[in-house]
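Visitor: I have a structure open and would like to learn how to read it. Could you walk me through some features?

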Amino acid sequence: MRFSRAYIPTTKESPKDAQLPSHIYLARGGFVAQVAAGLYNFLPLGKRVLRKIETIINEEMAACDAQEVDLSFVTPAELWQESGRIEKFGKELLRFRDRKENLFVLGPTHEEMMVSIVRNRVNSYKQLPLNLYQIKTKFRDEARPRFGLMRGREFVMKDGYSFHASTDDLDREFEAMEAAYKRILERLGLEFRIVEADSGAIGGTGSKELMVLAQSGEDTLAVCDTCEYGANVEAARRAQRSVIPEAPQADFARFKTPDVKSIEELSHFFHIDPYYTLKAVVKRAVYTQGSELVCFFIRGCDELQEVKARNSVGAIDLVDASEAELREIGLVAGFVGPLDQDNIRMVMDNDTRNASSMICGANEADYHFVGVDLSVMGEVVFADLVTVQEGDGCPHCGGKILHTKGIEVGHIFKLGTVYSAPLKAEFLDENGRSQPFIMGTYGMGVSRLVAAVIEQHHDDKGCIWTHATAPYLVNVMISNIKEESHVAYAEELYGTLQKKGIETILDDRKERFGFKMSDAELIGFPFTVIVGKELANGQAQILIRKTKEILTVDKDAVVSTLQGLMG
RNA sequence: CGGGGCGUAGCUCAGUAUGGUUAGAGUACUUGGUUUGGGACCAAGGGGCCGGAGGUUCGAGUCCUCUCGCCCCGACCA
């Protein structure tokens with residue numbers, strides 16, 4: 001490609017709404033342009049990067065015998081009614097009617113459609129397993145799109161679905177997909193972590209997220225400093241506490257604690273470690289039908305993890321409860337405890353099982369119980385409710401847990417029969433019995449990966465594309481196009497590189513040196529060959545974008561040097 | 001969806017408290033010239049329904065009402 005003929009609208013200034021490096025540099029470098037909230041046009045350079053990522057995904061999927069399909073983007077709402085997700089998805093699902101007044105939705109994900117193309121066509125275990133995927137634009141009417149390509153409303157996603165006759169076979173495929181996803185991210189040149197995760201509203205097990213590590217990531221990860229363990233904080237576990245603070249000495253008693261409400265005040269009042277206090281967090285749990293107040297009890301030194309709490313009661317949402325709501329059921333905010341009351345549904349954190357020497361609210365204003373032994377409680381529901389904190393022990397090796405940020409670029413999990421059962425997608429097993437397909441699902445955010453590469457690989461000048469993602473690997477820059485000998489050499493080099501199959505752009509624009517250099521750095525070509533002054537000595541220079549290193553090499557050695565650098 | 005902010009040239013923004021020449025700057029663009037290793041300089045140009053609709057007024061970018069859009073914080077997010 002000749003730069004003089006390319007459409008690469010770079011700008012010196014960044015759009016005012018851009019915050020993240022990926023957003024700023026992709027916009028400034030002329031890769032994408034915003035159309036409306038959460039909607040972006042991909043310009044030539046952006047499209048090339050997108051296609052490169054898609055190609056790598058396609059290659060790795062082919063290696064696993066997964067087959068690419070292309071499902072219609074507009075899907076009949078009926079399918080969504082059948083699966084029951086039309087309500088669950090809510091306003092994120094864009095719906096509209098056609099001229100005949102039939103209701104349709106724009107696909108935000110394609111479980112329903114994928115199941116529908118397989119059901120009634122695959123009807124024997126002999127036709128299984130099957131792994132189908134597509135790379136396609138999705139639409140989710142996000143309440144608040146942000147961060148450029150990171151969280152758009154329209155985005156490109158690879159979504160794959162596998163169908164199996166047994167859970168063993170699903171397990172095998174799941175591992176193969178995890179390995180394939182790992183290879184994809186490695187080939188893209190990304191630093192990432194595969195972490196345990198919550199399956200979300202959709203349900204399922206074995207949920208794993210692929211996280212590209214970057215400070216700007218929207219997800220917090222708990223990772224072990226010693227072993228491979230990593231998890232989204234929404235799902236992270238921890239080892240039993242190894243160091244337990246010294247227990248306070250006290251017999252069971254009701255104690256006057258005027259205006260002592262918070263855990264901090266309580267531990268200060270009694271001069272004890274918050275470990276021995278019981279924190280009560282009351283939330284209104286919202287279910288598909290109805291809602292109720294629930295009190296979650298955790299140790300005072302812990303924080304409630306809302307996703308875990310929500311899962312523990314099967315709620316679709318938790319909202320803060322007001323003091324008035326508490327009063328209505330006879331509880332006093334700041335003094336809620338599990339003893340002597342059955343006003344509210346209670347869930348206790350696993351770490352409070354049989355806890356003793358505890359201090360908890362007495363369900364009466366200005367009173368707490370001390371010396372409480374929780375093992376005296378009758379039937380109690382326990383669950384893991386707490387947020388794993390930095391410094392906690394790794395559940396696998398006992399190493400130390402650290403927090404880090406990640407960008408979710410992939411999510412794989414085992415669906416089982418969550419969709420196939422309600423949609424009645426069944427096959428006959430070896431015994432002639434009808435069974436719903438056992439399914440797995442494998443998603444990867446393709447357009448988000450474009451942004452993730454830049455979040456992880458940029459500097460104050462612009463993008464630094466990895467070799468696998470660069471729109472062009474080599475930029476041959478002519479410092480001054482008025483120098484005929486320079487132009488002649490650059491043209492020849494450009495031709496040679498192209499013949500060798502190396503994606504090259506020739507910067508033959510009538511611009512000054514500095515302007516072209518800034519563009520080269522902003523766009524982020526891995527290598528820029530500077531054809532200029534040095535040619536008088538029979539030399540050219542190679543700028544390595546990543547290290548900013550400039551190699552001066554003999555003009556006849558440029559191609560071989562580049563090939564060496566590309567490895 | 002709650003709270004806040006902003007819509008003026010392709011882009012980044014002045015101008016709006018107090019209505020009044022022909023609506024500005026920087027940058028980008030065009031032409032000519034000088035330059036030619038880090039977004040250079042000089043000169044001359046083109047480019048605007050001041051988001052939209054209605055109103056007040058002799059007169060509205062500026063005041064009032066209503067709308068639409070975009071951004072930020074939060075809630076939400078397979």
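Guide: We'll go through a sheet, some helices, a few backbone oddities and a buried loop residue. Keep in mind that this is a predicted model.

Visitor: Let's begin with the sheet. In what order do the five strands of the open sheet come?

Guide: The general idea is that strands of a sheet pair through backbone hydrogen bonds, either parallel or antiparallel. Here the order is β16-β14-β15-β17-β20, and the pairing is mixed. The edges are β16 (317-320) and β20 (382-383), each of which pairs on one side only.

Visitor: How many bridges link β15 and β17, and in which sense do they pair, parallel or antiparallel?

Guide: There are four bridges, and the sense is parallel; β15 covers residues 291-299 and β17 covers residues 345-349. To find your place on screen, look for C295, which sits opposite M346 of β17. Next, go from β17 to β20: these two also run parallel, joined by two bridges. There, M348 is across from F382 in β20.

Visitor: On to helices. Which residues of α12 are buried?

Guide: A useful rule first: an α-helix has 3.6 residues a turn, so residues three or four places apart point the same way. In α12 (residues 513-523), the buried residues are K516, M517, D519, A520, E521, L522 and I523. Charged names such as K516, D519 and E521 are on that list too. Right after α12 comes G524, with a positive phi of about 90°.

Visitor: How do α11 and α13 cross, and at what angle?

Guide: Picture a line through each helix. The axes of α11 and α13 (residues 558-566) come within 11 Å and cross at roughly 45°. An angle like that falls outside the parallel, antiparallel and perpendicular ranges, so α11 is oblique to α13. The crossing is right-handed.

Visitor: Which residues make that contact?

Guide: From α11 you have Y489, L493, T496 and L497, and from α13 there are V558, V559 and L562. Sorted by type, the contact of α11 with α13 has six nonpolar residues, one polar and no charged.

Visitor: What should I look for in the backbone itself?

Guide: Most residues other than glycine have a negative phi, and most peptide bonds are trans. Exceptions are worth a look. The bond from L128 to P129 is cis, with omega near 0°. P129 belongs to the loop between α5 (111-118) and β7 (130-139).

Visitor: And where do S357 and K424 lie?

Guide: S357 is in the loop between β17 and β18 (358-361), and its phi is positive, near 60°, although it is not a glycine. K424 is in the loop between β21 (401-416) and β22 (426-428); its phi, near 50°, is positive as well, again in a residue other than glycine.

Visitor: Why does S357 count as partly exposed, and K424 as exposed?

Guide: It comes down to cut-offs: under 20% is buried, over 50% is exposed, and partly exposed lies in between. S357 has a relative accessibility of 22%, so it is partly exposed. K424 is at 60%, so it counts as exposed.

Visitor: One last residue: is S479 buried or exposed?

Guide: S479 is buried, because its relative accessible area is 14%. Its place is the loop between β27 (474-478) and α11 (484-499). Beyond its neighbours within four places in sequence, S479 is in contact with E511, F513, I530, V531 and G532.

Methods
Residues numbered from 1 in each chain as written. Chains lettered and ligands numbered in written order. Predicted model: local features only at pLDDT ≥ 70, side-chain atom pairs only at ≥ 80, totals over all residues. Heavy atoms only, no water. Buried < 20%, exposed > 50% of the residue type's maximum accessible area, 1.4 Å probe, protein only. Contact = heavy atoms within 4.5 Å. Pairing = 2+ DSSP bridges. Axes fitted to C-alpha atoms, helices over the stretch in contact; angles between N-to-C directions. Parallel < 35°, antiparallel > 145°, perpendicular 65-115°, else oblique. Left-handed = near helix turned anticlockwise from the far one by under 90°.
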